[in-house]
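User: I would like to go through a structure with you. Could you take my questions one at a time?
Analyst: Certainly; please show the entry and begin wherever you wish.

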Amino acid sequence: MNVATKPLLTGLLVLAGLNSQSASALSVSAIGSFNDPSATSAYFFNRTYNQDDATTPAQQLPSNLNSTTDSVGYFGWGIDPLQSLLTQEIIQSHFWFNGVGSVDGGPAAPVTLGTAFSLGSFTYTNERTVLSGGIVDIDFQMDLTLDGLSLLPIEYQLQINNTVNGGRTSFDTAQILSGPDNIAFSLDGAQYLLTFNGFSRD
């Protein structure tokens, strides 16, 4: 069976200074987590492992994960009975996030004033699943640190509309229901505004 697996989105944001001071020496790191899943169907099998910042992750993730590490934020839903039987592990549709500056997300991202930069890699993998929960909502949160300053957590609410994957017109869909507001903050006497462009393809 061919499983359509592809990187979906990379988070981007812009740091805009409210004065003329330079922010070229700043860097940002992000830790991602998934929280509060809900579904329209009672037949909903799901697992969440928030270990984006874990040096020794407690959970080994499925082999179909498009990551070289288990140090990611992971939300999986449903179960693929055939692939799970063949691999002897639980294979699910899933989201994962690997934040910049986290254990295996690469170095903290440099920030140039007024220029978009990545917060990490976000991937959606779609399997042929049962017990998928119908329409599923999940909160995705990022904890951001800018040059040692912890900013307010930012949150996206995501929704997945699961189908039986039985034909060309029955694809699953994922959408963003809500995103974060801008964040105003001060650092070393300068005032800044952090805005979020959202997601873009890598």
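**Leu131 and its surroundings**

Analyst: To begin, Leu131 counts as partly exposed, because its relative accessibility is 41%. Please bear in mind that this is a predicted model.

User: Where is Leu131 placed?
Analyst: Leu131 is in the loop between strand 7 (116-125) and strand 8.

User: What about phi of Leu131?
Analyst: Phi is near 55° there, a positive value in a residue other than glycine. Most residues other than glycine have a negative phi.

User: Which residues make the nonpolar surface patch?
Analyst: Leu131 forms a nonpolar surface patch together with Tyr43 and Val130, and the patch covers about 310 Å².

User: And Tyr43, is that buried or exposed?
Analyst: Tyr43 is exposed, because its relative accessible area is 61%. The residue belongs to the loop between strand 2 (26-39) and strand 3 (46-50).

User: Back to phi. What is the value at Gln88?
Analyst: Gln88 is not a glycine, yet its phi is positive, at about 60°. Gln88 sits in the loop between helix 1 and strand 5, and it counts as exposed because its relative accessibility is 64%.

User: Let us step back. How many helices and strands does the chain have?
Analyst: The protein chain has one helix and 13 strands. In sequence order the pattern reads β-β-β-β-α-β-β-β-β-β-β-β-β-β.

User: What share of the contacts is long in sequence terms?
Analyst: Taking contacts with a separation of 6 or more, 68% are between residues 24 or more positions apart.

User: And burial and surface, what are the figures?
Analyst: The protein chain has 202 residues, of which 44% count as buried. Its accessible surface is about 10000 Å², and carbon and sulfur atoms account for 50% of that.

User: Turning to the interior, how many residues has the largest nonpolar core?
Analyst: It has 35 residues, and those with the most contacts inside it are Phe75, Phe95, Met142 and Leu144. Strand 8 (residues 135-146) gives the most to this core, contributing six residues. Apart from that core lies another, of five residues, including Leu65, Val72, Tyr74 and Trp96.

User: Which residues does Phe95 touch?
Analyst: Beyond its neighbours within four places in sequence, Phe95 is in contact with several aromatic residues, among them Phe34, Tyr74, Phe75, Trp77, Phe122 and Tyr124. Its contacts also include Ile138, Leu158, Ile160 and Ala174.

User: His94 next. Buried or exposed?
Analyst: His94 counts as buried, because its relative accessibility is 0%. It is part of strand 5 (residues 93-99).

User: What does its side chain reach?
Analyst: The His94 side chain reaches the backbone oxygen of Gln92, at 3.1 Å.

User: Is Gln51 buried or exposed?
Analyst: Gln51 counts as buried, because its relative accessibility is 6%. The residue is located in the loop between strand 3 and strand 4. Its side chain reaches the backbone oxygen of Gln59 at 2.8 Å.

User: What else does Gln51 contact?
Analyst: Leaving out residues within four places in sequence, the contacts of Gln51 include Pro57, Ala58, Leu61, Asp70, Ser71, Val72 and Gly73.

User: Where is Ser67, and what does it touch?
Analyst: Ser67 is in the loop between strand 3 and strand 4 (73-77). Not counting residues up to four places away, it touches Val72, Trp96 and Asn98. Its C-alpha lies 9.0 Å from that of Thr123, although the two are 56 residues apart in sequence.

User: And Gly105? Where does that lie?
Analyst: Gly105 lies in the loop between strand 5 and strand 6 (109-111). It counts as partly exposed, because its relative accessibility is 22%. Setting aside residues up to four places away, Gly105 touches Asn98, Gly99 and Val100. The C-alpha atoms of Gly105 and Asp52 are 8.3 Å apart, with their positions 53 residues apart along the chain.

User: Last one: why does Gln83 count as buried?
Analyst: Gln83 counts as buried because its relative accessibility is 19%, and buried means under 20%. Gln83 is found in helix 1 (residues 81-87). The C-alpha atoms of Gln83 and Arg128 are separated by 9.1 Å, although the residues are 45 apart along the chain.

Terms used: Residues numbered from 1 in each chain as written. Predicted model: local features only at pLDDT ≥ 70, side-chain atom pairs only at ≥ 80, totals over all residues. Heavy atoms only, no water. Core = buried A, V, L, I, M, F, W, Y, C linked by side-chain atoms within 4.5 Å. Buried < 20%, exposed > 50% of the residue type's maximum accessible area, 1.4 Å probe, protein only. Helix = DSSP H or I, 4+ residues; strand = E, 2+ residues; numbered from the N terminus. Contact = heavy atoms within 4.5 Å. Polar contact = N/O pair within 3.5 Å; in protein donor to acceptor, adjacent residues only side chain to side chain. Patch = residues over 30% accessible without salt bridge, like charges linked within 9 Å, V, L, I, M, F, W, Y side chains within 5 Å. Areas by Shrake-Rupley, 256 points an atom, 1.4 Å probe, with all protein chains shown as cover. Salt bridge = Lys/Arg side-chain N within 4 Å of Asp/Glu carboxyl O.
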